[in-house]
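Trainee: I'm new to this one, could you walk me through it?

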Amino acid sequence: MSIIINGIPASPGVSVGKVFLYKENEIIINKNNIEDTELEKERLLNGRNISKEQLLAIREKTAKKLGEDKASIFDGHITLLEDEDLFDEVVELIEDEQITAENALEQGLAGYCEMLGCLEDPYLRERAADLKDIGKRWLFNITGTEILDLSNLPKDSVIITKDLTPSDTAQLDLDNVLAFVTEIGGKTAHSSIMARSLEIPAVVGTGEKYSEVKSGDSIIVDALEGVVILNPTEDEIKTYTLKREEFLAEKELLKQLKDKDAVSKDGKKVGAWANIGSPKDIDGVLKNGAQGIGLYRTEFLFMNNDCFPSEDEQFEAYKAVAEALEGKPVTIRTMDIGGDKSLPYMELPKEENPFLGWRALRVCLDRPEILKTQFRALLRASAFGYIKIMLPMIISLTEVRKSRALLKECMEELRNEGIAFDENIQLGIMVETPAVAFRASSFAKECDFFSIGTNDLTQYTLAVDRGNEKISNLYNSYNPAVLQAIKCAIDGAHSENISISMCGEFAGDENATAILFGMGLDAFSMSAISVPRIKRNIMSLDKTQCEALVEKVLSLATAEEVMEEIKNFNSSNYTK
Ligand code: PEP
Ligand code: MG
């Protein structure tokens, strides 16, 4: 009999495939004393040899997929693995303490990582993170613990896992992964956002329900409704295969809107833009007819790297996007690290409340060299297209002023070096905190544009963690307080004649188009896959009617009442 599990639909689509259980195996360290030290030394060496072979294979694959430049990172890893001082130290531990190879290696690695982590030189400090990673592989191989590899999956895999980190998502073997299901997480967790930009169906936050499930079992994922079916019957397979075909057919139909503008029935036009996480997403942007990029999350460039990307490396990525968009706006956000996004090579402190902690621009203003490198790369790339710079997680004008001063410094440097850039480049901010939303007009005086980040604005307005599935029923952008904050931001921007877009996931919520359009939003920026649907919505709307809806909705008391009112409005306005 099949088993039905409910979760949160995080990226649309329907898939019928085979389970791939992804759970990092635990390494068991034998802490007993041993007699045969020769045997342990052999195990140590053996583990190292296997690790080297694996790293060489990954190197080769990376070279084919991403080029020699990225592959050369693994040369550094192999050098670290073959460090003879570390090896000799571990051998000494085995002999002196009469302990197992894994026990000695774990201790040796801890000492080495601590020593590297304390060094002044940032390059050497960052090697500590590499060594941890390599050491784990070595320990896996000594103890014969299986290493699961997300970049090499069996055909038609549906991944089931506790959670996927954004870097796990970035490594996915796209040829063979059909969908993913996670036990924790919400719609606006970054793994969900990545799934949407990669157009991989995903259901998240299902809870721990997979103890009986094995890799290879049949599975259906209906990521339109948030339903997972384990061991489906023949009939269920037929039904969902049909549903999948219908979903794909509608997707095809929407392609006809690719070159159309988002203009309402009464002739009001808004921008229909896309969010991206890397230049690899440009295909989806162009295919879905987005008219610009409202958010490029640059932190993924930092996260999928072994050290801070250099100015040149960043320049190449930003230039590629600017050129591909051929003069359409490309809004590039400075590194938004912290919260649920960590950098393996930068020791971010463990915090009680990471979403309220040292993240985003706070990190960048404390480490101005990071921001300056990024500004210089952005400025250089601005000579190749229409780049706008956007700052995340703002709470005060002091942050805007400090950032603008650093940007000016970079402009001056480039002028002196004779390097071209856009002298009129715009510097805007994200409206992600109530601190900005409720004082929007004062911020608008010193910013060139706004973009509302509802993913964070909702969590900070409601004090509800965006990634916590336990309270996902409370995380609701239709809460009147969130709508009020959005309205304040839009009115504040317009009072100073600057434009305002929305790049949070709410912009791609088909039920929200009328209310946002009625409030006067100038552009919607979302996962590329949502662009045609939002264009279709705008084309069926009348701005005056949407304005009346806003007035009505803002007088309501609860999210439920708001959603009911909007539902009634939508059902009389949209014909599918
Ligand atoms: C947001 O907070 O709405 C946003 C777009 O930024 P991120 O999801 O990357 O935090
Ligand atoms: Mg945000």
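Mentor: We can talk through the metal site and then the ligand beside it in the list.
This is a predicted model, in which local features need pLDDT of at least 70 and side-chain atom pairs count only at pLDDT 80 or more, while totals for chains, interfaces and linings use all residues. Residues are numbered from 1 along each chain as its sequence is written, chains are lettered from A and ligands numbered from 1 in the order in which they are written, and side-chain values use heavy atoms, with hydrogens and water left out.

Trainee: Which protein donors does the magnesium ion have?

Mentor: Glu 432 (OE) and Asp 456 (OD) are the protein donors of ligand 2, lying 2.0 Å from the ion; donors are N, O and S atoms within 2.8 Å of the metal (3.2 Å for Na, K and Ca), and sites may look incomplete because water is not among the atoms.

Trainee: And where in the chain do they sit?

Mentor: Glu 432 is in the loop between β14 (426–431) and α16 (434–437), whereas Asp 456, 24 residues apart from it, belongs to helix α18 (residues 454–462). Helices (H or I, at least four residues) and strands (E, at least two) are DSSP runs, numbered from the N terminus.

Trainee: Switching to ligand 1, what does Glu 432 do there?

Mentor: A polar side-chain atom of Glu 432 lies 2.9 Å from an oxygen atom of ligand 1, and a side-chain N or O atom of Arg 466 is 2.8 Å from an oxygen atom of that ligand.

Trainee: Which element gives the most to its shell?

Mentor: That is α18, with three residues.

Terms used
A polar contact is a pair of N or O atoms within 3.5 Å; within protein, one must be able to donate a hydrogen and the other to accept it, and residues adjacent in sequence count only if both atoms are side-chain atoms.
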